[in-house]
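Subject: A structure for you to explore

Hello,

Here is the structure I promised to pass on to you. Have a look at it first, and then read my notes below.

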Amino acid sequence: MDLTRLTSIFPKERVELLSEALARFQDDITDADPRIPGAAVWPESVEEIRALVCWAGENGVPLTPRVANQNVGGLAIPEAGGVVVDFTRMNRILEFSRDDMYAIIEPGVTQEQLKAYLEEHAPELRIGYSLAPPDTSVLLNCLMDGLTNYSLRIGSMSEAILGLEAVLHDARVIKTGAWGVGPVPYGRPPLPDLTGLFIAWLGTTGIVTRGVLALWPKHPLRERLFILAQDLDATFTMVKRLVRLEICDDLGVLTWPTGRMMLGVERPRIERVEGEPVCFVYLDISAETRSEMDGKIATARRVLAKTGAGGVLTGPLFVDDLVTALPEMVRYSDFPTDLDFLTKSKGGGMTWVGTYGPMSTIASCCQACMDRMVEHGFPPAVVCRAMKTGHFAVLRFLEVFDRNSPEEVARIRKLNLELFDLAIGYGYVQYKPPLSVLPRLHAKMDPETLRTMRELKKMLDPKGIFCPSNLGLID
Ligand SMILES: Cc1cc2nc3c(=O)[nH]c(=O)nc-3n(C[C@H](O)[C@H](O)[C@H](O)COP(=O)(O)OP(=O)(O)OC[C@H]3O[C@@H](n4cnc5c(N)ncnc54)[C@H](O)[C@@H]3O)c2cc1C
């Protein structure tokens, strides 16, 4: 295929065809296999995307859109010889309604950009911020059903999408939700919800060009509290009690190796030091008034006292006190932040098995997976968050590794497949699934569900041009 024809759609300076320059698109931070594209383009308009989709369909060229390529799953690695569609130049905040609490944004809008915009134009409103780097896309995190520091309230981030605009395989442009009917894109009801055709499909059904994002009230007072825990069961018992009281905006649990990495230890040892907390819990609490805040903190203290008998739970420590004692903690006092101990580790590699699952099995799943990590010679680094008032939770088992060590990469791959198998036995399902787990995921899925997904893929992408490898739906 003659990819130089792309210059009839895009100006020359927004097309890259040189193989040396294209090598930087071939992989990501994980252990996923590299694939070198044949070209990369930087669109600036929906019309350019439509022309590109027509061209790709006529010529059978696969397209892989991306922004920061930080999905931690190899999901924006292009098809070999295909075209990378880099959305970093489509980064406009197109519309914003203070009254109806939404913003219409393009895929390239980043966490730091939207945060700065809201701080300037509507400091009383917020979005949820993920732990991903500040330059990652807000909309893609929502489309991938990711999670943020507002997920305890709303669940995974697709809940923040009020409507989408997408380019289909035949270059038609559709709008979903109320946006497809009237002038105000207030939400997804009441018509059949086409938004779901683009959520968690990982770029396989069409190219999303705009999203309507819900904004949420941001209360003026905010506290971040830390609790140190010596016992995993007691920790999760406390978490389950706390979430039902609805006093926290966010609640997370980080095991001791994650805590050590946050304090600058590049590769924490596998063994815990005598007396070191097994994990720490953080609670984000916000309030309109001081008395409301004091009441919420008093409630948290009561739960802590009730669950932490015998000194298994200590705290709460306030983030300001912690920062006084450990100044390096200041970067964790607000999100988004740069967790460079993960993204820029010495060995250059980071990966994880990220799962959503039920609260009822969280302690046993977490412990079993931590034990398995230790068996394979990796520190049991886990990040956990309660989601949607405790209807479910996230357990994320993460590893940093040396990309230049084939032995370590092989061990990581084996471990991660085992963690997938183990976690699913407790009802924990891996999200943003990388290629490596797809055969296992498909084997676990209800066959009719999988068949329907394949049929939908065929209907929405008959020529197989949209991220054909993702989700493994093309035979
Ligand atoms: C240190 C670290 C911490 C992280 N913490 C979190 C976290 O707390 N929560 C969380 O959810 N995630 C987290 N992530 C994962 C990830 O960074 C986020 O999900 C982030 O939002 C991805 O944005 P991106 O710009 O990197 O997307 P990319 O990786 O560039 O793209 C993601 C996917 O979207 C598809 N896509 C791109 N553009 C389009 C389009 N226009 N239409 C349709 N599909 C498209 C791509 O093909 C790909 O499949 C973390 C990552 C890192 C490195």
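Before we start, one term: two strands are said to pair if DSSP finds at least two bridges between them. Please also keep in mind that this is a predicted model.

With that term in hand, let us begin with the five-stranded sheet. Its strands follow the order S5-S6-S10-S8-S9, the sheet is open, and the pairing is antiparallel. Which strands are at the edges? They are strand S5 (93-97) and strand S9 (173-175), and each of them pairs on one side only. From one strand to the next, the twist averages 10°.

You can zoom in on one pair here. Strand S8 (residues 161-167) runs antiparallel to S10, and six bridges join them. If you pick Glu165, you will find that its bridge partner in S10 is Arg210. Helix H3 (residues 111-121) lies across S5 and S10, and it runs at about 40° to S5.

Next comes the sheet of eight strands. This one is also open, with antiparallel pairing, and its order is S15-S12-S14-S13-S17-S18-S16-S19. Strand S15 (313-318) and strand S19 (429-430) stand at the edges with a single partner strand each, so one side of each has no neighbour in the sheet.

Inside this sheet, strand S13 (residues 250-255) and strand S14 (residues 279-287) make an antiparallel pair over six bridges. Leu251 stands opposite Leu283 in S14. Helix H11 (residues 362-375) lies across S13, strand S17 (381-387) and strand S18 (392-402), and runs at about 10° to S18.

Now for the ligand. How many residues surround the ligand? There are 35, and the closest are Pro65, Val67, Gln70, Asn71 and Val208. By class, the shell has 19 nonpolar, twelve polar and four charged residues.

Three polar contacts are worth finding on your screen:

- Val67 has a backbone N or O atom 2.8 Å from an oxygen atom of the ligand.
- Leu131 has a polar backbone atom 2.9 Å from an oxygen atom of the ligand.
- Lys432 uses its side chain: a polar atom there lies 2.8 Å from an oxygen atom of the ligand.

On its own, the ligand has 990 Å² of accessible area, and the protein covers 99% of that. The elements that give two or more residues to the shell are strand S3 (63-66), helix H4 (138-143), strand S10 (207-214) and strand S16 (348-357). You have already met S10 in the five-stranded sheet and S16 in the eight-stranded one.

Enjoy exploring!

Best wishes

Notes:
Residues are numbered from 1 along each chain as its sequence is written. This is a predicted model: local features need pLDDT of at least 70, side-chain atom pairs count only at pLDDT 80 or more; totals for chains, interfaces and linings use all residues. Side-chain values use heavy atoms; hydrogens and water are left out. A residue is near a molecule or strand if one of its heavy atoms lies within 4 Å of it. A polar contact is a pair of N or O atoms within 3.5 Å; within protein, one must be able to donate a hydrogen and the other to accept it, and residues adjacent in sequence count only if both atoms are side-chain atoms. Accessible areas come from the Shrake-Rupley method with a 1.4 Å probe; for residues, only the protein chains shown count as cover. Helices (H or I, at least four residues) and strands (E, at least two) are DSSP runs, numbered from the N terminus. Ala, Val, Leu, Ile, Met, Phe, Trp, Tyr, Cys and Pro count as nonpolar, Asp, Glu, Lys and Arg as charged, and the others, Gly among them, as polar. Contact means heavy atoms within 4.5 Å. Axes are lines fitted to C-alpha atoms, for helices over the stretch in contact, and angles run from 0 to 180 degrees between N-to-C directions.
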